[in-house]
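The following exercises concern internal space, packing and strand pairing in one protein chain. Each task is followed by a solution in steps.

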Amino acid sequence: MQFELFVSLRYLLAKRRHAFISLITMISVAGVAVGVMALIVVLAVMNGFQHDLRDRILGVTSHAVIGHFQGTFGGYAHLVQEIEGKDGVEAATPFVLTQVMMNSGKSISGAILRGIDPKTAPKVTRLEQSLLQGTLASLLAPREEASPMERSAPGIIIGVELAARLGVQIDDYVTLISPTGQTTPAGRVPKSQLFRVIGLFKSGMYEYDNTLAYVHLRDAQKLLGIGDAVNGIEVKVKDIYMAANVSDRLQKKLGYPYWVRDWMQMNHNLFSALKLEKVVMFIILTLIILVAAFNIVSSLIMMVMEKTKDIAILKAMGATTQKVRRIFVLEGLLIGVVGTVLGLVGGFTLCELLKRYQFIELPRDVYYISTLPVRIEPLDVVLIACAAVAICLVSTFYPSKQAAKLHPAEALRYE
């Protein structure tokens, strides 16, 4: 193998009379490098988007949700304690979920109302870190200096986009109207209640900031008239990637009529679309490396034509067909390895520049982030490098086979 490698390096590094072949070789190396660099950068950006999106979703929602087929259920305090004692579970908190209409006097809008326990909710979600104004503790009790009207109106925390649509700020009042209503002698009528805005949150996800509102668990129960019942229990697991396994164990333990869904199931369509897009981009950008592989084929074929006499002399001196074939396989492989290494270096450098200086800005009114997020996954790097080298290796098979078939007597007949 040392002999074949030595000859391959001599062919690549020696000055040739035909500079055109050297130019094609350089273009091949550059093509592989550009393809690898493009794959590294694009997949790193897509990984960054996926990771950032996941963090924003899990900042508002929990890792798993336990519900009941009848909609609401009681006895949740004992169930929360039982769930928190399970292996892999870090914390759990009950919640009430319903759709309401919100009227500020200036505007009216639909919203998703979540009743939460301010004492246990911070252990499960990162809602408190998303608060721009106010605290979750404000939901527990009214302020000491509050007026009688403020004391009678429970507190509510809403998203910044929803607050902008309603035209409200901190200490403004909104009326919540429940479509479930209440039964009266005149029939079933919608139930309404006045709430005071005590906090604004910004999760970075427009859908959440534009629709979600949080109140104390007992205030949501009172508005819906469901007594001491909840719609479900949110669960935080110790390892988010083990959420599916923990959910399966909880489902087997609780059984019917409870159901358990993890965060991947709840956002299956979104993350499946991102994964499919990543695969498609990998396939499309691999075509750049394929173009470089065609250049390698043409470069090796012309090199075989140029080195016909050299190959004949080598075979006449005792070089076997396998050794001649390996010479040109190694030559193409060297082109692929050099191009791959240069592409990896260029890709890592560009990703680091994007991460550090953030010189590419995104329109805030279109995207939920202002700069490109970058996250390099080691597995992606390995797959890209292996794919590039494999394509370059396959491209050497035909030229090396043609070189190995060359007969010394035919090549030197007219010399």
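A residue is called buried under 20% relative accessible area, exposed over 50%, and partly exposed in between (1.4 Å probe, protein chains only). The model is predicted: local features need pLDDT of at least 70 and side-chain atom pairs count only at pLDDT 80 or more, while totals for chains, interfaces and linings use all residues. Residues are numbered from 1 along each chain as its sequence is written, and side-chain values use heavy atoms, with hydrogens and water left out.

**Exercise 1. Describe the chain as a whole.**

Step 1. Count the elements. Helices (H or I, at least four residues) and strands (E, at least two) are DSSP runs, numbered from the N terminus. The chain has 17 helices and ten strands.

Step 2. Determine the buried fraction. Of the 415 residues in the chain, 46% are buried.

Step 3. Examine the contacts, a contact being heavy atoms within 4.5 Å. Among contacts in the chain with a separation of 6 or more, 79% join residues 24 or more positions apart.

**Exercise 2. Is Asp 380 buried or exposed, and what does Asp 380 touch?**

Step 1. Locate the residue. Asp 380 lies in helix α15.

Step 2. Apply the cut-off. Because its relative accessibility is 12%, Asp 380 counts as buried.

Step 3. List its contacts. Leaving aside residues up to four places away in sequence, Asp 380 touches Leu 43, Asn 47 and Lys 278.

Step 4. Compare sequence with space. Asp 380 and Leu 39 are 341 residues apart in sequence, and their C-alpha atoms are 9.0 Å apart.

**Exercise 3. Find the cavities and classify their linings.**

Step 1. Fix the method. On a 1 Å grid over the protein atoms alone, a cavity is a set of points where a 1.4 Å probe fits but cannot get out; lining residues have an atom within 4 Å of a point. Grid points are joined across faces, edges and corners, and a volume is the space filled by probe spheres set on the points.

Step 2. Search the whole structure. Two cavities of 30 Å³ or more are found. The largest has a volume of about 50 Å³, and the second largest about 40 Å³.

Step 3. Assign classes. Ala, Val, Leu, Ile, Met, Phe, Trp, Tyr, Cys and Pro count as nonpolar, Asp, Glu, Lys and Arg as charged, and the others, Gly among them, as polar.

Step 4. Treat the largest cavity. Its lining consists of Val 60, Arg 114, Ile 116, Ala 121, Thr 125, Leu 127, Tyr 214 and Glu 234. By class, this lining has five nonpolar, one polar and two charged residues.

Step 5. Treat the second largest cavity. Its lining includes Leu 39, Asn 47, Arg 375 and Asp 380. Seven residues of this lining are nonpolar, one is polar and three are charged. Helices α2 (19-60) and α15 (378-394) each supply at least two lining residues, and the largest share, five residues, comes from α2.

**Exercise 4. Trace the pairing of strands around β2, β3 and β9.**

Step 1. State the criterion. Two strands pair if DSSP finds at least two bridges between them.

Step 2. Begin with β2 (residues 89-103) and β3 (residues 108-116), which pair in the antiparallel sense over nine bridges. Met 102 has Ser 109 in β3 as a bridge partner, and Leu 97 has Arg 114. In this hairpin, with four residues between the strands, Gly 105 takes a positive phi near 90°.

Step 3. Continue from β3. Five bridges join it to β8 (residues 212-216) in the parallel sense, Ile 112 being bridged to Leu 212.

Step 4. Turn to β9 (residues 232-237), which pairs antiparallel with β2 over six bridges; Ala 92 is bridged to Val 235 in β9. Four bridges also join β9 to β1 (residues 64-68), again running antiparallel, with Gly 67 bridged to Gly 232.

Step 5. Assess burial. Five of the six residues of β9 are buried, so this strand is largely enclosed by the rest of the structure.

**Exercise 5. Which residues have the most contacts inside the largest nonpolar core?**

Step 1. Define the set. A nonpolar core consists of buried Ala, Val, Leu, Ile, Met, Phe, Trp, Tyr and Cys residues joined through side-chain atoms within 4.5 Å.

Step 2. Read off the result. The largest core has 63 residues, and those with the most contacts inside it are Met 102, Ile 156, Ile 158 and Ile 233.

Step 3. Note the second core. This separate set of 38 residues includes Ile 327, Phe 328, Leu 354 and Ala 388.

Notes
1 Å grid on protein atoms, 1.4 Å probe; cavity = no way out; pocket = protein on both sides within 12 Å on 5 of 7 lines; lining within 4 Å.
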